[in-house]
Amino acid sequence: MTEEENVSINARALTLISHKLKTPLSIINGYSEAILSQAGKEKFSPFTSKALEEINKQGGKMSQLVDKLLAFNKVITAQHEGMEKQSVLLKPLIKECASKAITLEEECALPVRPQEDSSIKRGTFVEIDCPERLSVTANEEMLRLCVQELLANAIKFNNKMEKIIKVQCANHGDSISLSVRDYGAGIRPQDVNRIFEPFYQVDDFFTGQISGWGLGLPMVKRILDLHNGSISVVSDRGLGSIFTINFPVL
Ligand SMILES: Nc1ncnc2c1ncn2[C@@H]1O[C@H](COP(=O)(O)OP(=O)(O)OP(=O)(O)O)[C@@H](O)[C@H]1O
Ligand SMILES: [Mg+2]
């Protein structure tokens, strides 16, 4: 069997597994949500409420894992089969990705405790600095995956109560850049060289996170390769990171 055929069988197997997991997962998540929505009308014991919340939260995380596998496979397939590109306006796409990333984060976050100090501002705020008419030539779905992933990481590897994320776009004439800046955990220099390797995750106390596959950045890197673009990162441990993606102007 050729290398090409092997890759295609692996990609097909992963897509099939992911699709087969999606149906039972959506049933588990749908029912647990429906039962939880009854919580006001029916009196559940604290144990039952806690168990239901946990089932729902873990179900949500599993769905995100399956979705990431499917997205990664889509990119692998595009590497072999190609994809269409068109002119895509950046600002509306970034806005959409930001609200999706915040919603996904909220689904997995612990509920806010009532006794929490209300003087502390809590939440995620995405500031977008992008010219209204700035566009790139790209596959829209792939571009969305990139922006979504960089925003999700900026939120995830960030233990601050108030998470400020800044997205900035610029036209440099021969290329267009989009950078995502966070003030979260940051990355050590020895890890920066490895975070684009599939399944590499920095497992430490500082980020406090190890959910996911370690497939997001490798996926973004492959998408940029498909567009003859590039990705770079500047990071300071404890101060935050800036991920910048660059698309050539065609
Ligand atoms: N903005 C960031 N701040 C700090 N660390 C980061 C940031 N983005 C990525 N990392 C580090 O790089 C690793 C790889 O990121 P990547 O997005 O590939 O995987 P993941 O987010 O852990 O899992 P997945 O994307 O599959 O859900 C992360 O596990 C994390 O340690
Ligand atoms: Mg990620």
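# Exercises on a predicted model with two ligands

Helix H4 gives the most residues to the shell around ligand 1, namely four. The model is predicted, so local features need pLDDT of at least 70 and side-chain atom pairs count only at pLDDT 80 or more, while totals for chains, interfaces and linings use all residues. Residues are numbered from 1 along each chain as its sequence is written, chains are lettered from A and ligands numbered from 1 in the order in which they are written, and side-chain values use heavy atoms, without hydrogens and water.

## Exercise 1

Describe the shell around ligand 1 and the polar contacts of this ligand.

Step 1. Collect the residues near the ligand (one heavy atom within 4 Å). There are 23 of them, and the closest are Lys68, Asn153, Gln201, Trp213 and Leu217.

Step 2. Sort the shell by residue class. It holds 11 nonpolar, eight polar and four charged residues. Here Ala, Val, Leu, Ile, Met, Phe, Trp, Tyr, Cys and Pro count as nonpolar, Asp, Glu, Lys and Arg as charged, and the others, Gly among them, as polar.

Step 3. List polar contacts (pairs of N or O atoms within 3.5 Å; within protein, one must be able to donate a hydrogen and the other to accept it, and residues adjacent in sequence count only if both atoms are side-chain atoms). A side-chain N or O atom of Lys68 is 2.9 Å from an oxygen atom of ligand 1. From the backbone, an N or O atom of Gly216 lies 3.1 Å from a ligand oxygen, and one of Leu217 lies 2.9 Å from a ligand oxygen.

Step 4. Compute the cover. On its own, ligand 1 has 600 Å² of accessible area, of which the protein covers 97% (Shrake-Rupley method, 1.4 Å probe; for residues, only the protein chains shown count as cover).

Step 5. Assign the shell to elements. Helix H4 (140–156), helix H6 (216–226) and strand S7 (240–248) each give two or more residues. Helices (H or I, at least four residues) and strands (E, at least two) are DSSP runs, numbered from the N terminus.

## Exercise 2

Which protein donors does the magnesium ion (ligand 2) have?

Step 1. Search for donors (N, O and S atoms within 2.8 Å of the metal, or 3.2 Å for Na, K and Ca; water is not among the atoms, so sites may look incomplete). The search gives Glu149 (OE) and Asn153 (OD1), at 2.0 to 2.3 Å from the ion.

Step 2. Place the donors. Glu149 and Asn153 both lie in H4, four residues apart, about one turn of the helix.

Step 3. Classify them by relative accessible area (buried under 20%, exposed over 50%, partly exposed in between; 1.4 Å probe, protein chains only). Both Glu149 and Asn153 are buried.

## Exercise 3

How many residues of H6 are buried, and against what do they pack?

Step 1. Of the 11 residues of H6, eight are buried. Among them are Gly216 and Leu217.

Step 2. Find contacts (heavy atoms within 4.5 Å). The buried residues of H6 pack against helix H2 (46–81), H4, strand S6 (230–236) and S7.

Step 3. Check the end of the helix. Asn228, just after H6, takes a positive phi of about 55°.

## Exercise 4

Is Ser241 buried or exposed?

Step 1. Ser241 is found in S7. Its relative accessible area is 4%, so Ser241 is buried.

Step 2. The side chains of Ser241 and Ser235 are joined by a polar contact of 2.9 Å. Beyond four places in sequence, the contacts of Ser241 include Val180, Arg181 and Asp182.
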